[in-house]
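Trainee: I would like to go through this structure term by term, asking each time what justifies the word that is used.

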Amino acid sequence: MVCRTGIVVAALLIGGSAAGPVVATGPGTGAGQQASDPLTRPLAVERESTWLAPRAPEKIFGTTYLVGFGGLSVALIDTGAGLILVDGALPQAAPRILDNVRKLGFKPGDIKYILSTEPHFDHAGGLAALVRDTGATVVASDRAAEGLRTGRLGKDDPQLAYDHSFPPVAKVRTLADGERLTLGNVTVTGHRTAGHTTGSMSWSWPACEGATCRTIVFASSLNPVSAEGYRYSAPTSAGIRDALAQTYATMKAMPCDILITAHADQGGATGRYLTEPGACRALAEASERALAARLRKEAAGTAE
Ligand SMILES: [Zn+2]
C-alpha cells in the first residue's frame, strides 16, 4: 500500500506517505498513559516499527537538527529567538519528539512554529499534541489548513477513500506559495508542492556555519499514491495532475543543497538526509516516473 508504485527509485526517493496502512486504533506501543490521552493515543500502523524506529537526534548543518525517527522525518531549527519544528509524525510520536528536543539541550516550550508538509496522519497526527505541549503555532498552506483543522482528508485527496482521521489542530497560520516566515535569524520559505495531497508544502531555509551557508529543503511526500479506485487520468483529477506538474517544476528549480524527505526511511544510503547535488531534481523525476507508470496502468486497465 505504501509503495504501490513498485518502482525502487521512486520508493527510495519519494517516500510512502500513503494514508492506507492504519489497521486499527487502540493502545499500541505507547500504551499506558498515552492510551488515555486523546491526542497521543497510538494509531496502530502496519509500518510503525519502521516509521518510528528510534534515532538519536543529530545536527545536520548550522543550527538545523533532526529529532524524528528512522522512517518519519522531523526537523528542528534553532533561530536564536525560538525554535521551529517541521512535521509531527504520528500522534504517539509526539512525546518522543519532545524527548529528542530535550536531548539536544533545547526546551520544548521554546518551539514557536511547527511547519506542516501535509495533512495526513503520518506527518500531522502528532501536531495537536505538540501544540498543546509547547504552545507553538502550526503553519501550513491554505488547503492543508482545511485538513489540519478538521483532522480529515480533503475531498479531492487521492487517498480520500481511506477516510483516515487524526487529532485536529484548532489554530493554523497559513502561508502562500513563496511566502516567507521569519523567526530570529532564520527565514523559512514555503513552496507549494501539491499533488500527493492538495495542500502539500515543502519548506526551505538557509543554514550557516561561519561564512558557509547551505539551503536545506524539507520536501513533502511527492508520492502519486491513491486509494483504490482513484484515477489520476480522470477528468476530475485534472487539478491533481496540474498540481503535480507545477510541483515538479518547483522542485527542479529550487536551490537545494541538503534534502530532507518527509519519509526518512526512503532517504537513500546517506541515511536521514541527502547532500548529493540535484537531490531535489531527482526527487521530482522519481515522482514523474511513478506518475507516468501509474497513468500507463490506468490506460491498460490494470491499476488498482
Ligand atoms: Zn501522505
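Trainee: What makes β7 and β8 a pair, and in which sense do they run?
Mentor: Two strands pair if DSSP finds at least two bridges between them, and three bridges join β7 to β8, which run parallel, so the requirement is met. In this pairing I114 stands opposite V138 of β8. The strands themselves, like the helices, are DSSP runs numbered from the N terminus (E, at least two residues, for strands; H or I, at least four residues, for helices). Please keep in mind that this is a predicted model, in which local features need pLDDT of at least 70, side-chain atom pairs count only at pLDDT 80 or more, and totals for chains, interfaces and linings use all residues. Residues are numbered from 1 along each chain as its sequence is written.

Trainee: How do you know that β6 and β7 pair, and what is the hand of the crossover between them?
Mentor: β6 and β7 share four bridges in the parallel sense, and V86 has L115 of β7 as its bridge partner. The chain passes from β6 through α4 to β7 in a right-handed β-α-β crossover, a word used if, with the strands pointing away from the viewer, the path from the first strand over the helix to the second runs clockwise.

Trainee: Why is strand β7 called largely enclosed?
Mentor: Because four of the five residues of β7 (residues 111–115) are buried, the strand is largely enclosed by the rest of the structure. A residue is buried if 20 or more other C-beta atoms lie within 10 Å of its own, exposed if 12 or fewer, and partly exposed in between, with C-beta atoms placed from the backbone.

Trainee: Why are D87 and A89 called buried, and what is the sign of phi at each?
Mentor: D87 has 28 other C-beta atoms within 10 Å, so it is buried, and A89 with 27 is buried as well. Most residues other than glycine have a negative phi, whereas phi is positive at about 70° for D87 and at about 55° for A89, although neither is a glycine. D87 lies in the loop between β6 (83–86) and α4 (94–103), and A89 is placed in the loop between β6 and α4 too.

Trainee: What makes a set of residues a nonpolar core, and which members touch the most others in the largest one?
Mentor: The term stands for a set of buried Ala, Val, Leu, Ile, Met, Phe, Trp, Tyr and Cys residues joined through C-beta atoms within 7 Å. The largest such core has 79 residues, of which L85, I114, L259 and L283 touch the most other members. Helix α9 (residues 279–300) gives the most to this core, with eight residues.

Trainee: Which residues is I114 in contact with, leaving aside its neighbours within four places in sequence?
Mentor: Contact is counted if the C-beta atoms of two residues, placed from the backbone, lie within 7 Å, and beyond those neighbours the partners of I114 include L85, L127, V131 and V138.

Trainee: Which residues of α7 are buried, and what do they pack against?
Mentor: In α7 (residues 142–150) the buried residues are R143, A144, A145, G147 and L148. The buried residues of α7 pack against elements including α6 (127–134), β8 (137–140) and β12 (201–209).
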